[in-house]
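Colleague: Could you take me through a single part of this model at close range? I would enjoy one connected account.

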Amino acid sequence: MRSFVAAALALVLIAGAPRPAMAQDVGIAVGTPAPRVVINDLDGHPVDLGAVIGKRPVFLEFWATWCELCKALYPRMAAAAAKYGSQVAFFGINVTVNQTPAKVRRYLAEHHPPFRTLYDADGVGVRAYLAPTTSYVVIVDRHGKVAYTGSGGDQDLAPALARVTAN
């Protein structure tokens, strides 16, 4: 199953080559309830997103160490986490295509991204959120509804985060 998920995601990544960042009509639909899935962290411990979703806003980025668009998004995400980190739970869901826990740990040690890292080895998050590519961001409001989706390195995350933290 893991090979199938990796192959399917690789095809999506190839087909979803760089395009302008914008809210999109692929992936999970804005306004729908956010899936409350359990994804392991790098140590294999389960993290229940349902323990956070519906209680406070949540920021999810589907990423990989090799993703250039993810690297381009990093400064905007770091600024967003600096501004909204006390109000929003930030998670980075590593898609595990051509990744190992050791490789991800080395990347985290060098780059220190502003999110809690989850390692989606079984593709649970990718499938639940219909993640079409890496650098795919989903922002969930405090009521557990998807408030924003987008992809690319130049996403303007601030307006969506301002909306979900205001209400």
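What follows is a close look at one strand and its neighbours.

Colleague: Which residues of strand β5 are buried, and how is β5 linked to strands β4 and β6?

Modeller: Happy to! Please keep in mind that this is a predicted model. The protein has 5 helices and 8 strands, and its average pLDDT is 88, with 84% of the residues scoring at least 70. Residues 3-23 have a pLDDT below 50, although this stretch makes 29 contacts beyond near neighbours in sequence. Where pLDDT is low, the predicted coordinates should not be read in detail.

Now to β5, which spans residues 89-94. Because 6 of its 6 residues are buried, the strand is largely enclosed by the rest of the structure. Ala89, Phe91 and Ile93 point one way, while Phe90, Gly92 and Asn94 point the other way, and all are buried. For context, buried residues make up 50% of the 167 residues in the protein.

One partner is β4, residues 58-63, which pairs with β5 in the parallel sense over 6 bridges. Here Phe62 stands opposite Ile93 of β5. Between these strands the chain passes through helix α2 (residues 68-84), giving a right-handed β-α-β crossover.

Another partner is β6, residues 116-119, which runs parallel to β5 and is joined to it by 4 bridges. Ile93 appears again, with Leu118 as its bridge partner in β6. From β5 the chain reaches β6 through helix α3 (residues 101-111), and this β-α-β crossover is right-handed.

Technical notes:
Residues numbered from 1 in each chain as written. Predicted model: local features only at pLDDT ≥ 70, side-chain atom pairs only at ≥ 80, totals over all residues. Heavy atoms only, no water. Helix = DSSP H or I, 4+ residues; strand = E, 2+ residues; numbered from the N terminus. Buried < 20%, exposed > 50% of the residue type's maximum accessible area, 1.4 Å probe, protein only. pLDDT = per-residue confidence, 0-100. Contact = heavy atoms within 4.5 Å. Pairing = 2+ DSSP bridges. Right-handed = clockwise from strand over helix to strand, strands pointing away.
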